[in-house]
Amino acid sequence: MAKKMDKVFHKKFGQRIRFLRKEKGLTQEQLSFEIDADNSYIANIENAHRDIPLSRVNKIAKALGISLKDLFDY
């Protein structure tokens, strides 16, 4: 059951990243560059294929110009 809940969380989080990234007019590559990650990093997060450390969550929020709270507001 815990794994299913994790997958739901990762899917919602990825959808939120995609929405905010597109709202800012950024490509996945551009956002990856902003957080110093490889080109496919954001795609993997948005598609719920990757777990993400808190340090990267903070970098994503900063790159999108939002607070951590806003990043999780879904």
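The secondary structure of this chain comes to five helices and zero strands, and from the N terminus on the elements run α-α-α-α-α. The structure is a predicted model, and the points below should be read with that in mind. They start with the chain as a whole, go on to its nonpolar core, and then turn to single residues in helices and loops.

**The chain as a whole**

- With 74 residues, a compact globule would have a radius of gyration near 11 Å, and the chain, which has 12 Å, agrees with that expectation.
- Taken along the principal axes, the box filled by the C-alpha atoms of the chain comes to roughly 35 × 25 × 20 Å.
- Of the 74 residues in the chain, 34% count as buried, while the surface that the chain exposes amounts to about 5000 Å², with carbon and sulfur atoms supplying 53% of it.
- If one takes the contacts between residues at least 6 apart in sequence, 54% of them join residues that are at least 24 apart.
- The chain carries 15 positive and 10 negative side chains, and the centres of these two sets lie 5 Å apart.

**The nonpolar core**

- In soluble globular proteins, nonpolar side chains tend to be buried together.
- In this chain the largest nonpolar core has 16 residues, and those with the most contacts inside it are I17, I42, I45, I60 and L71.
- The elements that give two or more residues to this core are α1 (2-23), α3 and α4 (54-64), and the largest share, four residues, comes from α4.
- I60, which is found in helix α4, has a relative accessibility of 0% and therefore counts as buried, since the cut-off for that class is under 20%.
- Leaving aside neighbours within four places in sequence, I60 is in contact with I17, I35, I42, I45, I52 and L71, whereas the C-alpha atoms of I60 and A43, 17 residues apart along the chain, are separated by 13 Å.
- I42, when its neighbours within four places in sequence are left aside in the same way, is in contact with I17, R21, Q28, L31, S32, I35 and I60.

**Buried residues with other side chains**

- R21 lies in helix α1, and it is classed as buried because its relative accessible area is 7%.
- Apart from neighbours within four places in sequence, the residues in contact with R21 are L26, T27, Q28, L31, I42, E46 and L64.
- S32 lies in helix α2, and with a relative accessible area of 0% this serine is buried.
- Not counting residues up to four places away in sequence, S32 touches A37, D38, N39, Y41 and I42.
- S32 and R56 are 24 residues apart in sequence, and their C-alpha atoms are 10 Å apart in space.

**Loops between the helices**

- N39 lies in the loop between α2 (28-34) and α3 (41-46), and, once its neighbours within four places in sequence are set aside, N39 is in contact with E29 and S32.
- The C-alpha atoms of N39 and Q28 are separated by 7.2 Å, although these two residues are 11 residues apart along the chain.
- D36 also has its place in the loop between α2 and α3, and its phi is near 60°, a positive value in a residue other than glycine.
- A48, found in the loop between α3 and α4, likewise has a positive phi, of about 60°, although it is not a glycine.
- These two loop residues fall into opposite classes of accessibility, because D36, with a relative accessible area of 62%, is exposed, whereas A48, at 11% relative accessibility, counts as buried.

**Helix α5**

- K69 lies in helix α5, which covers residues 68-71, and its relative accessible area of 63% is the reason why K69 is classed as exposed.
- K69 and I17 are 52 residues apart along the chain, and the separation between their C-alpha atoms is 13 Å.
- L71 is one of the residues with the most contacts inside the largest nonpolar core, and L71 is also among the residues in contact with I60.

Conventions: Residues are numbered from 1 along each chain as its sequence is written. This is a predicted model: local features need pLDDT of at least 70, side-chain atom pairs count only at pLDDT 80 or more; totals for chains, interfaces and linings use all residues. Side-chain values use heavy atoms; hydrogens and water are left out. Contact means heavy atoms within 4.5 Å. A nonpolar core is a set of buried Ala, Val, Leu, Ile, Met, Phe, Trp, Tyr and Cys residues joined through side-chain atoms within 4.5 Å. Buried means under 20% relative accessible area, exposed over 50%, partly exposed in between (1.4 Å probe, protein chains only). The radius of gyration is taken over C-alpha atoms; the globule rule is 2.2 Å times the number of residues to the power 0.38. Accessible areas come from the Shrake-Rupley method with a 1.4 Å probe; for residues, only the protein chains shown count as cover. Lys and Arg count as positive and Asp and Glu as negative; His and the chain ends are not counted. The place of a charge is taken as NZ of Lys, CZ of Arg, CG of Asp or CD of Glu.
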